[in-house]
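I opened this entry to record what I looked up about a pocket and about one residue. The structure follows.

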Amino acid sequence: MLRTRSKAWMARTNNRLIKDIPNRQPMKKVRQANSSDSDTIKILAKETIDKCYRSFLGDDGVDWFINGGGSDREVNEHLENTMVLEVEGKIQGYCAAEEGFIHSLMITPQLQRTGLGGYLLAQVEAMQQTEGYEHLRLETFKGNDQALNFYQKQGWSIATEEHDESFGFVRVCMRKILN
């Protein structure tokens, strides 16, 4: 009975299932950022911070960071050490990393949870390893569960937690040993 019903279901849905499978994966490329990418990266950073950071920074914290220029300053400060992720020729993410430290990694909110963040991070990790780093470090904040879960899923572990008096947050220091 199960075999008969399965065959009937497959016959009814076969054409639909085949159409739902994309013909190809989107073209993605990781490359060094350049000065002409600055405005695009700044827009992406602001959009990501606005949509994803309110849960742990609060509305006032996010608005202060974006409107006070903190987000733009951070992009400017790390632009020469930033890799961008292009999907179908459009910048959809970036990662700033130097000397074994990941400063920031952001993927446009519409494409989060698609595997692109993991792809970009793996590329940057490989580049850092090629430069001779045996382990990588990064910092985030307690309450930023999306980032903490993402990095742990990518093989990172929490090294320490420390209270940051200047911001009133608990800073979470993470580490990944490269093979």
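**Pocket and Phe150**

I looked up the largest pocket first and noted about 1300 Å³ of space in it. I take a pocket as an open set of points on a 1 Å grid over the protein atoms alone, where a 1.4 Å probe fits, with protein on both sides within 12 Å along at least five of seven lines; lining residues have an atom within 4 Å of a point. The volume is the space filled by probe spheres set on the points, which are joined across faces, edges and corners.

This is a predicted model, in which local features need pLDDT of at least 70, side-chain atom pairs count only at pLDDT 80 or more, and totals for chains, interfaces and linings use all residues. Residues are numbered from 1 along each chain as its sequence is written, and side-chain values use heavy atoms, without hydrogens and water.

I listed 43 lining residues, with Tyr53, Leu105, Met106, Thr140 and Asn144 nearest the pocket's centre. Strand S4 gives the largest share of this lining, seven residues; strands here are DSSP runs of E, at least two residues, and helices runs of H or I, at least four, numbered from the N terminus.

I then turned to Phe150, which is found in helix H6. Phe150 is partly exposed because its relative accessible area is 22%, between the limits for buried (under 20%) and exposed (over 50%), with a 1.4 Å probe and protein chains only. I found Phe150 in contact (heavy atoms within 4.5 Å) with Leu105, Gly117, Gly118 and Leu121, not counting residues up to four places away in sequence. Phe150 and Gly117 lie 33 residues apart in sequence and 8.5 Å apart, C-alpha to C-alpha.
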